[in-house]
Amino acid sequence: MRRASSALLCLALLLILAGCAPQARTATVFAMDTVMELTAYGDKACVDEAVSLIHALEARLSVTAADSDIARVNSSGGGEIDPETAALLKRALELCKLTGGALDVTVYPLVRAWGFTTGAYRVPGDDEIGALLEKVDYAAVRVEETAVSLPAGAMLDLGAVAKGWTGDEIAALWREAGVKSGLINLGGNVQTVGGKPDGSDWVVGIRDPFSEDVMGAVSVRDLAVVTSGGYQRYFEQDGVRWCHIIDPVTGRPADKGLASVTVIGPEGVLCDGLSTALYVMGPEAAVRLWRENAGFDLVLVTAGGEVTVTEGLEGRFTPMGAYTDKEIKVMRRG
Ligand code: ADP
Ligand code: MG
């Protein structure tokens, strides 16, 4: 009799818990040239609103969509843009400055010449690269409220920060709606809301730049995990691999000794901008920038396969697969 009633009590408890646990709501979206996976534990409306937000942001920010804010500014050398596009552009310009121009939102004439937005991949000649480099200068972009003006021939591209910004926007939307647990996976850009529904941390895998496997994972909550690497988008010509991240000094795909850079921190747009910029800068300059600035941690994989993590990741980064027995160097500020 007692056993029967305790079994009933357990069953009742289980039913109550199941009733309380928020349900996983998911969506898969193809936008910004990326397969995106959204998971929120909460109302279905949260995921639907996030999907609409992604499409709205893409329509405003895409450099190729004919009627976007960015395409309009690029074709007429300036104009009025949406307040949110202006806010992102201002944040991006701060990151260009922070990285000494390794991130440069005016690198688009070169991105286009190499074929990365058109798909017509080619290696431009030295003269062409030299002429296009003259148009690259983020410091010449003027933004007053929502009015932008560009110097003659300059063109904007927010591709290096758009997904990080999108992740931040979705996370803010979900937090406002009371979502306690969510995972926003925008390709190499992951943003987390809270921890997992069971209260443990989210475990986010980091791609091995040399294979299809993961090289490790970080356990995080309320943080973004953003990776840039030469393996993500590239073409090959005459045995050389040319990647989609352009060094604004040389006008050529960046080649400073890094295979991938992962930036982990609370602000997705900062992580996204930095992952692109640090890839351009190379390992020593990347660590120097980390030492001089708070608010993020790094996982660097060099072209030779060496791994460096910054001290904030100690105990939170687990090497995996081919990296399990590798030496992992830990960088400290002190
Ligand atoms: P992805 O968008 O593929 O995840 P990134 O965040 O690293 O990768 O951004 C790369 C994109 O940013 C390129 O496709 C190009 O549009 C643009 N880009 C390339 N080099 C630079 C640079 N040095 N500064 C700013 N934007 C860049
Ligand atoms: Mg980026």
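# Why these labels: backbone, salt bridges, metal and hollows

Modeller: The loop between strand S1 (24-31) and strand S2 (34-41) holds Met 32. Helices and strands are DSSP runs numbered from the N terminus, with H or I over at least four residues for a helix and E over at least two for a strand. This is a predicted model, in which local features need pLDDT of at least 70, side-chain atom pairs count only at pLDDT 80 or more, and totals for chains, interfaces and linings use all residues. Residues are numbered from 1 along each chain as its sequence is written, chains are lettered from A and ligands numbered from 1 in the order in which they are written, and side-chain values use heavy atoms, with hydrogens and water left out.

Colleague: Why is Met 32 called buried?

Modeller: Buried means under 20% relative accessible area, exposed means over 50%, and partly exposed lies in between, with a 1.4 Å probe and protein chains only. Met 32 has 13%, so it counts as buried.

Colleague: What is the phi of Met 32?

Modeller: Met 32 has a positive phi of about 50° although it is not a glycine. Most residues other than glycine have a negative phi. Glu 145 is also not a glycine and has a positive phi of about 55°. Glu 145 is in the loop between strand S4 (142-144) and S5, and is exposed because its relative accessible area is 65%.

Colleague: How do you know that Arg 72 forms a salt bridge with Asp 69?

Modeller: A salt bridge needs a side-chain nitrogen of Lys or Arg within 4 Å of a carboxyl oxygen of Asp or Glu. The closest N and O atoms of Arg 72 and Asp 69 are 2.6 Å apart, so the pair qualifies. Both residues lie in helix H3 (residues 69-76), 3 residues apart, about one turn of the helix. An α-helix has 3.6 residues a turn, so residues three or four places apart point the same way. Asp 69 is buried at 6%, while Arg 72 is partly exposed at 31%.

Colleague: What makes the pair of Arg 91 and Glu 267 a salt bridge?

Modeller: Their side chains meet at 2.8 Å, N to O, so the distance criterion is met. The pair links distant parts of the chain, 176 residues apart: Arg 91 is in helix H4 (residues 83-98), and Glu 267 is in the loop between strand S13 (258-265) and helix H8 (268-281). Arg 91 has a relative accessible area of 21% and is therefore partly exposed. Glu 267, at 26%, is partly exposed.

Colleague: How do you know that Asp 247 forms a salt bridge with Lys 256?

Modeller: The closest N and O atoms are 3.5 Å apart, so this pair also falls within the limit. Asp 247 is buried at 5%, whereas Lys 256 is partly exposed at 44%. Elsewhere, salt bridges that share partners join Arg 60, Asp 82 and Glu 84 into one network. The structure holds 14 salt bridges.

Colleague: What are the protein donors of the magnesium ion (ligand 2)?

Modeller: Donors are N, O and S atoms within 2.8 Å of the metal, or 3.2 Å for Na, K and Ca; water is not among the atoms, so sites may look incomplete. Ala 160 (O), Asp 272 (O), Asp 272 (OD) and Thr 276 (OG1) lie 2.1 to 2.4 Å from the magnesium ion, so they count as donors. Along the chain they follow the spacing A-x111-D-x3-T. Ala 160 is in the loop between strand S5 (147-149) and helix H7 (162-176), and Thr 276 is in helix H8, 116 residues apart. Ala 160 is partly exposed at 22%, and Thr 276 is buried at 12%.

Colleague: What makes up the lining of the largest cavity, by class?

Modeller: On a 1 Å grid over the protein atoms alone, a cavity is a set of points where a 1.4 Å probe fits but cannot get out, and a pocket is an open set with protein on both sides within 12 Å along at least five of seven lines; lining residues have an atom within 4 Å of a point. Nonpolar covers Ala, Val, Leu, Ile, Met, Phe, Trp, Tyr, Cys and Pro, charged covers Asp, Glu, Lys and Arg, and the others, Gly among them, are polar. The lining has 5 nonpolar, 5 polar and 2 charged residues. H7 gives the largest share, 4 residues.
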